[in-house]
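Open the model in a viewer and keep the selection panel at hand. The stops below say what to select and what is there.

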Amino acid sequence: MNYDDVEDGLAAEYRNRQRQAADLEYIRRYYALEQRHGIRVEIGGRVRSNGQEGTIADTSGHYLMVKFDGDERPARRHVTSNMEYATADGWVAATPTPDLYANVQPKGRATAGSTQ
């Protein structure tokens, strides 16, 4: 047994878990699914996308890698786009976060029908 290879593997696994933890923390904070819908996003969690069920296998930045039942490889999915999550109360649809800036106009700019 080559102990250097074992150490390299453990270090790689540690970095992978650190990356996943950081990605999940961002996802939880940004989308606030737990606060808004009671959804806890985590590796191993069950999800459904467009009717197809699977398991969260990994993260990819701000996306989830979902291994759908019957598929060999995980697929990249957006956290709220056509996603439902299994909770103790059943399947719950994730909705996008409200866009706080959707109706904000830059200062000094007139909008249609405004008087400036």
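Start by selecting Val66 and Ala75: Val66 stands opposite Ala75, which belongs to β4. The model is a predicted one.

**Strands β3 and β4**

Widen the selection to β3 (63-68) and β4 (75-78). The two strands run antiparallel and are joined by 4 bridges. A further position to label is Leu64, whose bridge partner in β4 is Arg77. Now show the turn: β3 and β4 form a hairpin with 6 residues between them, and Gly70 in that turn has a positive phi of about 90°.

**Strands β2 and β3**

Keep β3 and add β2 (52-60). This pairing is also antiparallel. How many bridges hold β2 and β3 together? There are 6 bridges between these two strands. To see one position, select Asp58 and its bridge partner in β3, Met65. The hairpin of β2 and β3 has 2 residues between the strands, and here Gly61 takes a positive phi near 65°.

**The whole sheet**

Colour every strand. The order across the open sheet is β4-β3-β2-β1-β5-β6, with 6 strands and antiparallel pairing. The edge strands are β4 and β6 (90-93), each of which pairs on one side only. Ignoring direction, neighbouring strands are turned by 45° against each other on average. Strands in a sheet are paired through backbone hydrogen bonds, in either a parallel or an antiparallel sense.

Next, pick β1 (residues 46-49), which pairs with β5 in the antiparallel sense over 3 bridges. Within β5, Tyr85 is the residue that Val47 stands opposite.

Move to the loop between β1 and β2 and select Gly51. Is Gly51 buried or exposed? Its relative accessible area is 60%, so Gly51 is exposed. Draw a distance from Gly51 to Met83: the C-alpha atoms are 9.0 Å apart, although the two residues are 32 apart in sequence.

**The nonpolar core**

Hide the cartoon and show side chains. The largest nonpolar core has 17 residues. Which of them have the most contacts inside the core? These are Leu33, Ile39, Val41, Leu64, Val79 and Tyr85. The elements giving two or more residues to this core are α1 (3-31), β3 and β5.

Centre the view on Val41. Apart from neighbours within four places in sequence, Val41 is in contact with Leu24, Ile27, Arg28, Leu33, Ile56, Leu64 and Tyr85. Two of the residues just listed have come up before as bridge partners: Leu64, paired with Arg77, and Tyr85, opposite Val47.

**The loop after β4**

Select Thr80 in the loop between β4 and β5 (83-87). Why does Thr80 count as buried? Its relative accessibility is 7%, and buried means under 20%. Setting aside neighbours within four places in sequence, the contacts of Thr80 are Tyr31, Leu33, Ala94, Thr95 and Pro96.

**The tyrosines of the aromatic cluster**

From Thr80, follow the contact to Tyr31. At 7% relative accessibility, Tyr31 counts as buried. Tyr31 forms one aromatic cluster with Tyr26 and Tyr30. A search of the whole structure finds 2 aromatic pairs. One of them is Tyr26 with Tyr30, a stacked pair at 5.5 Å centre to centre with 10° between the planes. Both Tyr26 and Tyr30 lie in helix α1, 4 residues apart, about one turn of the helix. Tyr26 is partly exposed at 24% relative accessible area, and Tyr30 is partly exposed at 46%. The ring centres of Tyr30 and Tyr31 are 4.8 Å apart and the planes stand at 80°, so this pair is edge-to-face.

**Back to the full chain**

Finish by showing everything. The protein chain has 2 helices and 6 strands. From the N terminus on, the elements run α-α-β-β-β-β-β-β. Of the 116 residues, 24% are buried. The exposed area is about 8300 Å², of which carbon and sulfur atoms supply 47%. Among contacts between residues at least 6 apart in sequence, 38% join residues at least 24 apart.

Terms used
Residues numbered from 1 in each chain as written. Predicted model: local features only at pLDDT ≥ 70, side-chain atom pairs only at ≥ 80, totals over all residues. Heavy atoms only, no water. Buried < 20%, exposed > 50% of the residue type's maximum accessible area, 1.4 Å probe, protein only. Contact = heavy atoms within 4.5 Å. Core = buried A, V, L, I, M, F, W, Y, C linked by side-chain atoms within 4.5 Å. Pairing = 2+ DSSP bridges. Axes fitted to C-alpha atoms, helices over the stretch in contact; angles between N-to-C directions. Areas by Shrake-Rupley, 256 points an atom, 1.4 Å probe, with all protein chains shown as cover. Phe/Tyr/Trp six-rings, centres within 6.5 Å; stacked < 30°, edge-to-face > 60°.
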